[in-house]
Every structure is written in C-alpha cells, then in structure tokens.
Amino acid sequence: MATSTTGVRVAEGEGNLPKLVLTSPQNSEAEIYLFGGCITSWKVASGKDLLFVRPDAVFNKIKPISGGIPHCFPQFGPGLIQQHGFGRNMDWSVVDSQNADDNAAVTLELKDGPYSRAMWDFAFQALYKVIVGADSLSTELKITNTDDKPFSFSTALHTYFRASSAGASVRGLKGCKTLNKDPDPKNPIEGKEERDAVTFPGFVDCVYLDAPNELQFDNGLGDNIIIKNTNWSDAVLWNPHTLMEACYRDFVCVENAKLGDVNLEPGQSWTATQLLSIS
C-alpha cells in the first residue's frame, strides 16, 4: 500500500470541488472543502473515519455540505438571515499551511463579499486554523471586525460524528441549564440536565448553556472521543431520528456553540478553539 505524503495537498473532491487533504506524520488525515470551510473527514491512524457526511449531502455549491463540521456563522439556527448563516455557503481561501514534526496544519480565511453583504452588511475576517495530529483534530476560529461600526454574531461548529445513535452517549453535561427543542423547536423548554450520560433514544435537539470545556463522547462504535474547547460557551446535541430515516442511526451531532451574541467593536476579535482527540 502506498504511504500518504505528510503535509497539506490540494485534491479534487466530490462535484469537482477543491478540497485540502491534511496528513500527519502518523498518517492521521483530514479533508476540508474550501466551499464552506467544511471538514468532511477525520481519519485517525487506524484509518477509521470519525466524522459523518450524510448520504443526501450535495457538492454543487447550491446547498451547504450536509455533514462533517460545517460552520454556523454569523447566525446559529433560524433568524434574520438564512438558516445557520452564510459561512457554510461561501468559498474560503487558504492563507497559510504548516508541516511540523507531529502535525499538519492549514489556515483558511473568509471575508465579506457581495453575497454576505446582501444579508449582513458588515466587513469581517474569519480565520480558521485546522491542525491534524496523531489522534487529534484541532480547530481555531478567529472572527475580527474589520468594519468601522460594531456588529454582533452567534456561531457554532455543527459537528456530525459517525456513531451508532442507539449506543452513543455524552458525559460532562450534568447540571447544565437546558433548552429542549423537543417537541416544539420554536418554544424550547427550560430545564436542567440530571443525567451523567446523555443518550439518543429518539429525536434529540437540545441546547446546553454554559457547558463545561470538556465532554466525553462515546460513539457507540468503540471510540471514546474527548471534546475540549476554549470560548465555545454552549453545546448542542442533535439527532433527527426518523425525520432522516435513511441515516439517523449512523450519526449524532455534538456541537460546540456560542449562542449568546458576541459583540465586537471595530478592530476587535473573538477566538474559540476545539480539540477532538481519541482517549
């Protein structure tokens, strides 16, 4: 079997869209589409892919890529602009790549343009650094206000993990305030998480406010993934259950989010990191 080359290379992805392939010296690998700045694959050294792309995902730039780690920016969920904002519907560009002894890294950039300005009339810069290590995937998102007026935003990383939804569980959320969107997404029910391990027995769409900066995710397939973060203040768990009959058994979403408004004055920045690793 041919060994993969360490570092960052450009390849042709689905729908002829350009993607970046990051390979660490230990043969861990991630794939990132420039459209949406979406990480669609994270394979650990064993070759197992821990992310999930839905079978109904399209790679035609008409819709965002359904799966992997899409961006929700500058809005999470429904609101004044399109669902989950425009960050996942625009082309990001490569501004830097690095190969170190123990990892491969790339930095992508998104800036405002006519498409974003038509719905959100602000100048901004988003920098997204992705680092693949031996058995880890690390991201850093930095949003800077490059306008001459203040703006506010919310954001999230809408991570789809490959999983057995019937066997998956998340630990670390006990005691958190919850906003449960089941049964009515428009009128979430406030509550408090009492369980040590949150499971996915049916439809799950729940926001956890002021979540801890470390969660443990058992994907039900034999992998325990540690999810660490800085500055992502909230978490969201989602599984559509029978609303997506074709694939709901094969994934769950465990999302790091910043759901309250981040207010940035001109020149100010906000940065958040996420580290996924195999324990």
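These are my notebook entries on the fold, the sheets and the largest pocket of this predicted model.

**Entry 1: overall build**

I began with the whole chain. I counted 1 helix and 21 strands in its secondary structure. Next I looked up the extent of the chain. Along the principal axes, the C-alpha atoms fill a box of roughly 55 × 45 × 30 Å. I then compared the radius of gyration with the value for a compact globule. For 279 residues that value would be near 19 Å, and the protein chain has 18 Å, so the two agree. I also checked burial. Of the 279 residues, 53% count as buried.

**Entry 2: the sheet of 4 strands**

I traced an open sheet of 4 strands. Its order is 1-2-3-4, and the pairing is antiparallel. Which strands stand at the edges? I found strand 1 (7–12) and strand 4 (38–43) there. Each has a single partner strand, so one side of each lacks a neighbour in the sheet. Neighbouring strands of this sheet are turned by 20 degrees against each other on average, direction ignored.

I then went through one pair in detail. Strand 3 (residues 29–33) and strand 4 run antiparallel and are joined by 5 bridges. For glutamate 31 I looked up the bridge partner, and it is serine 41 in strand 4.

**Entry 3: the sheet of 9 strands**

I moved on to an open sheet of 9 strands. I read its order as 6-7-8-9-21-18-17-12-15, again with antiparallel pairing. Strand 6 (93–99) and strand 15 (197–199) are at the edges. Each of these has a single partner strand, which means that one side of each has no neighbour in the sheet. From one strand to the next, the twist averages 20 degrees.

Here I picked strand 9 (residues 136–145) and strand 21 (residues 269–278). They run antiparallel, with 9 bridges between them. Serine 138 has leucine 275 of strand 21 as its bridge partner.

**Entry 4: the largest pocket**

Last, I looked at the largest pocket. It holds about 680 Å³ of space. I listed 30 lining residues, and the closest to the pocket centre are Phe76, Gly77, Pro78, Gln83 and His84.

Which strands each supply at least two residues of the lining? I noted strand 10 (151–157), strand 16 (204–209), strand 19 (234–239) and strand 20 (251–264). I also sorted the lining by residue class. It divides into 15 nonpolar, 7 polar and 8 charged residues.

Key: Residues numbered from 1 in each chain as written. Predicted model: local features only at pLDDT ≥ 70, side-chain atom pairs only at ≥ 80, totals over all residues. Heavy atoms only, no water. 1 Å grid on protein atoms, 1.4 Å probe; cavity = no way out; pocket = protein on both sides within 12 Å on 5 of 7 lines; lining within 4 Å. Points joined across faces, edges and corners; volume = space filled by probe spheres on them. Nonpolar A, V, L, I, M, F, W, Y, C, P; charged D, E, K, R; others polar. Pairing = 2+ DSSP bridges. Axes fitted to C-alpha atoms, helices over the stretch in contact; angles between N-to-C directions. Rg over C-alpha atoms; globule rule 2.2 N^0.38 Å. Buried < 20%, exposed > 50% of the residue type's maximum accessible area, 1.4 Å probe, protein only.
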